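Subject: Structure handover and notes

Dear colleague,

I am passing on the structure below, followed by my notes on what was found in it. Please read them alongside the coordinates.

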Amino acid sequence: MAALHRFYPRYSLKRKIAYLMNAINLLIFRRVPRRLKLISDVVSKIPVKAPDGALAILLHKIAQNGRVYVFELDGKGKPLTVTKIALTEAARSGIVREREILKQLEHVELPFDIPRAVNFIDSNGICALSMSAINDNLSIHEKSKGIPDYIFNAIASLRSSDAPISQPISAFGWFSSIKKRITNPAIIEVVQQIASDNFFAVCAAHCDLGSENVFSKLETDFDKSIFAIIDWEFFTEFAPAMTDRVAYWLGQHHRNFKREFGSWNARESAIYFLNEFRNTPGGEAAAVLALLALLHQGNDLAERVCGIVK
């Protein structure tokens, strides 16, 4: 129960209800589903650092992304490792990719912390990645406070020094197909102004900063705060330059888009978005291209702004 309270996200009413249901589930007798046999097999193979510790297993992401999360705690409840277990092929692909990215970044000097890959299993239908846990002095970052520019800039620079700094719209192979999904007139209007000979700034991007993937210990001097960033599976060295800033902004406003703007006035939500980015580098067009990159990735908030409601 203590592990559920510590690790289960409760940032929305839906999450709070799910948290309560899981808490009730922990207090009653229940039959163990057959599918959990795979999970127990994987858990038995996880190297345990603290013999007096415990494992907390969270199942709340199975339906959403086919994954189970296992937190290893020491005898005092301090998190030591986090293991992602894939239950689907799509989940396996993401876990394999995250391991590759973490290995690439292992010796890169960064102004924030990232997990280390400490164990990896990918055989006999089992795929699991164990990573070092984020320092327990850090907590999930409050999105409304923003993050310093040096965080965005450091991520953007994680690419070859000779990589191009701009590319024509034709370099984004998904652009032609993804723009056909847009139904929001305000976004369509900006897309129609993008010409075939337009160039856009590109950089490396985490691509999922809008989720609960930023941790921090805030200081009075904000720029001296300590940060950590997790979940690197969507990282790419080639993305529209505004991708991470747009993703983070969407995360900051997720309640507005899901409960207010997106539910009754998609055009108003798009105008709100465009106004926010009108005076940023590249203007509205660069922000919309980043938005479409996130839409291509499957970002649900990008879908809302683009007028796609499932």
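What percentage of the 310 residues in the protein chain do buried residues make up? They make up 48%. Please keep in mind throughout that this is a predicted model, and that the protein chain averages a pLDDT of 87, with 86% of the residues scoring at least 70. Confidence is highest in β8, at 98, and lowest in helix α10 (residues 254–264), where the mean is 59. Where pLDDT is low, the predicted coordinates should not be read in detail.

As for the overall make-up, the secondary structure of the protein chain comes to 13 helices and 11 strands. Among contacts between residues at least 6 apart in sequence, 69% join residues that are at least 24 apart.

Turning to the interior, the largest nonpolar core has 37 residues, and those with the most contacts inside it are F175, I187, V246, L250, F273, L291 and L292. The elements that give two or more residues to this core are α7 (175–178), α8 (185–192), β8 (199–205), α9 (243–252), α11 (266–277), α12 (283–297) and α13 (300–305), and the largest share, 10 residues, comes from α12. Apart from this core lies another, of 28 residues, among them C127, I155, L209 and I229. In soluble globular proteins, nonpolar side chains tend to be buried together.

I187 may be a useful residue to look at within the larger set: leaving aside neighbours within four places in sequence, I187 is in contact with I182, A270, F273, L274, V288, L291, V305 and C306. The last of these partners, C306, counts as buried because its relative accessibility is 0%, which is under the 20% cut-off.

On the cysteines more generally, the structure holds 0 disulfides. For C207, the nearest cysteine sulfur is that of C203, 8.8 Å away, and since a disulfide requires two cysteine sulfur atoms within 2.5 Å, this pair does not qualify. C207 is itself buried, with a relative accessible area of 6%.

There is also an open sheet of 3 strands, in the order β6-β9-β10, with antiparallel pairing. Its edge strands are β6 (139–140) and β10 (226–229), each of which pairs on one side only. Strand β9 (residues 214–217) and β10 pair over 4 bridges in the antiparallel sense, and F215 stands opposite A228 in β10.

Strand β9 is also the place of S216, which counts as buried because its relative accessibility is 6%, under the 20% cut-off. The side chain of S216 makes a polar contact with the side chain of H141, at 2.8 Å. Not counting residues up to four places away in sequence, S216 touches L138, S139, H141, I226 and F227.

Finally, E212 is found in the loop between β8 and β9. Is E212 buried or partly exposed? E212 is partly exposed, with a relative accessible area of 21%, and the cut-off for buried is under 20%. The side chain of E212 makes a polar contact with that of K143, at 2.5 Å. E212 and D231 are 19 residues apart in sequence, while their C-alpha atoms are 9.3 Å apart in space.

With best regards

Technical notes
Residues are numbered from 1 along each chain as its sequence is written. This is a predicted model: local features need pLDDT of at least 70, side-chain atom pairs count only at pLDDT 80 or more; totals for chains, interfaces and linings use all residues. Side-chain values use heavy atoms; hydrogens and water are left out. Buried means under 20% relative accessible area, exposed over 50%, partly exposed in between (1.4 Å probe, protein chains only). Two strands pair if DSSP finds at least two bridges between them. A nonpolar core is a set of buried Ala, Val, Leu, Ile, Met, Phe, Trp, Tyr and Cys residues joined through side-chain atoms within 4.5 Å. Contact means heavy atoms within 4.5 Å. A polar contact is a pair of N or O atoms within 3.5 Å; within protein, one must be able to donate a hydrogen and the other to accept it, and residues adjacent in sequence count only if both atoms are side-chain atoms. pLDDT is the predictor's confidence in each residue, from 0 to 100.
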